[in-house]
Amino acid sequence: MFRAIAFTQWKWTRTVALLATVVAFSLPIASLQSARDASNAQEFIFRMQAWGLGYALLAAGAGLVIALAAWGHDHQGRHVYALSLPITRARYALLRFAAGALFLVPVALGVLLGSVAVIASGAIPEGLHAFPLSLTLRFAFAALVSFALFFAIGSATTRTAAAVLGAIAVLLFAQFLLSSLNIDYDLLSRVGTFVFARPGILSVFSGRWMLIDV
Amino acid sequence: MYSAPAARTFLVVAALACPIGQSFAQTMRQYEQRVDTLAQAWRRATALRIEYNEAHGRDYRGFDTVTVGPMRVLTERSTDTLARRGAEFAVASLSPLYGRALDELRTHTLVVRTERATDVEDTTKAFVMVAEARQGAAKDPSRFVLRSGREKERFPVVVAAEKELVAAVLRDAALKLMLAAADTGLGRWLFSQLPVDTLPSTEWTRARIDLLSSQAVVARRCYAGSVHDCRLSLGITESADPAVDWFDAADRRKLVEGIRKNDYNGSDPVATEACYAGSDSACVSILRSATLPTPVSSNQRINIVRLAISLGGSGSMERLLLTPGTVDARIAAAACVPTDSVVQLWVARARSARTVSDDMSPGIAASSLGWILLCGVLALRSSRWR
C-alpha cells in the first residue's frame, strides 16, 4: 500500500522535489563562490553566513510545497480515491505523511553533497572548520517541521483552515487596535518571540546557519 | 453655465484664503518668537544646572567617609549604603588578584554622590556619580586619565542608583587609579585596561580569528607557531620599524591600497604609484608616515594577561603591577613562568579551540521532533472526510 501511495505521490511531487534538490546542492557552492575572494577568515565567515537565510527559506519552501502536493489531488478528487481504499483515514494520512517526508530526503542529501563539495574544493581558509552534518541535520529538521505543519493544515477541514487564518487576522487587528489606542504593547513581537524562540514551532528556522565557522 | 459655479467657488476660496494667509504668517512669527524665548530659557536653565553641579561637585564638607580596606569613599547620606556596599564588593573582588597593588588606593579618595541626569529618557530613576575626588589642583601627568570639565573630579561616571552598577563602577575606578599609578609603558601596552578575571573559553576562537584575519604577516606566522612573531604581534617585543617588522611586501602593498582608497590626498602620489609598480621601498616609506593597524586587537593583549592570571593564580596582578621592568618581565612575574611559555600556551589554545556548531543541538532536535509529532498527530485526527 505504501509503495502505491508513494509512487503516485512521487509523480505529483517529483518536479518540485528535484528542483529543490538542485537548489539545495547549489546553495553551499554558491555561498563558497561568494566568499572565495574574501580578504581574510573573518570576512569569509561573514559572507558564508549571509547565505544562511537561503537554507531556512529552502527548507520552509520545500516542506510547504511537498505538503500541499500530498493533499492536492485528494482535494481535487473530493477524496473519492481515499474513501474507496479499505483503510482508515488515519492510516491513509499516515501513509501520505510518510511518503511526503521521504521526498524531503533527496533535498537534504543535496545540501549534504553540496557541503561536501565545498569542503573538497579546498577553498576554506586555514583554521576554519566545516560543519556539513550539523547543517544537513538542521536543514532536514526544518524541512520536516515545515512539511508537518503544512501537512496538518492541508489535512484539516475548511473550517479549521478558516480558524487558523482568522486567528492570524485577529492578531493583526489587535495589534492595529493597540497602536491606534496608543497602547505601548508590541503584541506581534511577543507572538513572534513565542513562535521563533526555542522551543517555538518555528525555532528551528531561527539562529545562525553555518556551514563554515571558527 | 458651466464656469459660473467654478468662478464663484474660486472667489470664495480666494476671499477666505487671504485672511488665513495673513493670520498664518502672523502665527509663524509668533511661533518663532516663542521658540526664541524658550531657547533662551533653556540656555539659562542649562547654565544654572551646570553651575549648580560644579558647585555641588566641589563641596564635600557635608559628606560622610566610608572606608573599606584601602578604599576611601566620600558619600552623601542618601548614597551611603550604595557606596559602602559598592566599596566592599570592589575590594573583595580585587583583593585576591591585586593584593598589595590595592594600597595605591590609600592615596586617593573616591566620591559617590547624587547626580541630576537630564539627558536620559528615564527621568524617574535616581542617578549617582562615581568619580575620584582630587585633592590638589588639576595636574595630570598620565595620558590615560579621562578628564572631565570638573577640576576636582576625574574618571566621572554617572549610573542609575543600583547597587550592582555602583559596585562595578567603583571597581573600575579602582582599576583606573592603579593603572594610572603604574608604569606608562604598561598602561599603553594594555590600552588602559586591567583585567579582573581569567580567560573564558569563548575567547580562544576569537583569538584564532584575530590571528588568521590579521593584515600583518607576523600574526599569521604566530598562528603557525613562531613565538618570536607572536611576541611582535602582541607588542611584547617592541618593534623599531613596524612597517617592516609586522608586514611583508604583499601586506604592505595592500595597506597602501587601503590608504589610497580612504585618503588619497594625504599620501604621496608618486610614492603610491611606485609602490603599485612593485617598489617595496616606496610602500615602506608611505607606511612609515602612516598610522598602522596593530597585528592583533587590543583584546589579545588583555587575554595574555588573563592567561597569566590563570597560570599565576593568587596575587598575579599584584606582581604584574608592582614588578619593575618591561612588559615581558611583568608577564613572567604574573604567570610565574617565562613569558614565552605563556605566549606558546596562548597560541596553542587559540589553535586547538573549536567552537560547537550552532546548527544543531539536542534542544533543536527535541523541539523539532516534538512539533513534527504534534502536527502529524493533528493531521491523523482531522475529520476532513468523516
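This briefing walks through the contact between chains A and B, the sheet of chain B and the confidence of chain A. Please keep in mind that the model is predicted. Chain A brings 41 residues to its contact with chain B, and chain B brings 30. Chain B also holds an open sheet of five strands with mixed pairing, and helix α2(B) packs on that sheet.

**The contact between the chains**

- The contact draws on 41 residues of chain A and 30 residues of chain B.
- On the side of chain A that touches chain B, two or more residues come from each of α2 (41–49), α4 (80–84), α5 (89–102) and α7 (132–155) of chain A.
- Of these elements, α7(A) gives the most to that side, with 12 residues.
- By residue type, the side of chain A that touches chain B has 25 nonpolar, 10 polar and six charged residues.

**The sheet of chain B**

- If you trace the open sheet from strand to strand, the order is β1-β2-β3-β4-β5 in chain B, and the pairing is mixed.
- At the edges you will find β1 (64–68) and β5 (153–160) of chain B, each pairing on one side only.
- From one strand to the next, the twist averages 25°.
- Strands of a sheet pair through backbone hydrogen bonds, in either a parallel or an antiparallel way.

**Strand pairs to look at**

- Edge strand β1(B) pairs with β2(B) (residues 71–75) in the antiparallel sense, over five bridges; here D64(B) is found opposite T75(B) in β2(B).
- Seven bridges join β3(B) and β4(B), again in the antiparallel sense, and V111(B) stands opposite A131(B) in β4(B).
- Between β4(B) and β5(B) there are six bridges, with antiparallel pairing; F127(B) stands opposite A160(B) in β5(B).

**Packing and burial in chain B**

- Helix α2(B), residues 80–98, packs on the sheet and touches four strands: β1, β2, β3 (109–115) and β4 (127–133) of chain B.
- The direction of α2(B) makes about 20° with that of β1(B).
- One of the strands touched by this helix, β4(B), is mostly covered, with six of its seven residues buried.

**Confidence in chain A**

- Chain A has a mean pLDDT of 90, and 100% of its residues reach 70 or more.
- Within chain A, confidence is lowest in α4(A), at a mean of 78; α4(A) is also among the elements that give two or more residues to the side touching chain B.
- Confidence in chain A is highest in helix α6(A), residues 105–121, at 95.

How values were computed:
Residues are numbered from 1 along each chain as its sequence is written. Chains are lettered from A and ligands numbered from 1 in the order in which they are written. This is a predicted model: local features need pLDDT of at least 70, side-chain atom pairs count only at pLDDT 80 or more; totals for chains, interfaces and linings use all residues. Two residues are in contact if their C-beta atoms, placed from the backbone, lie within 7 Å. Ala, Val, Leu, Ile, Met, Phe, Trp, Tyr, Cys and Pro count as nonpolar, Asp, Glu, Lys and Arg as charged, and the others, Gly among them, as polar. Two strands pair if DSSP finds at least two bridges between them. Axes are lines fitted to C-alpha atoms, for helices over the stretch in contact, and angles run from 0 to 180 degrees between N-to-C directions. A residue is buried if 20 or more other C-beta atoms lie within 10 Å of its own, exposed if 12 or fewer, and partly exposed in between; C-beta atoms are placed from the backbone. pLDDT is the predictor's confidence in each residue, from 0 to 100.
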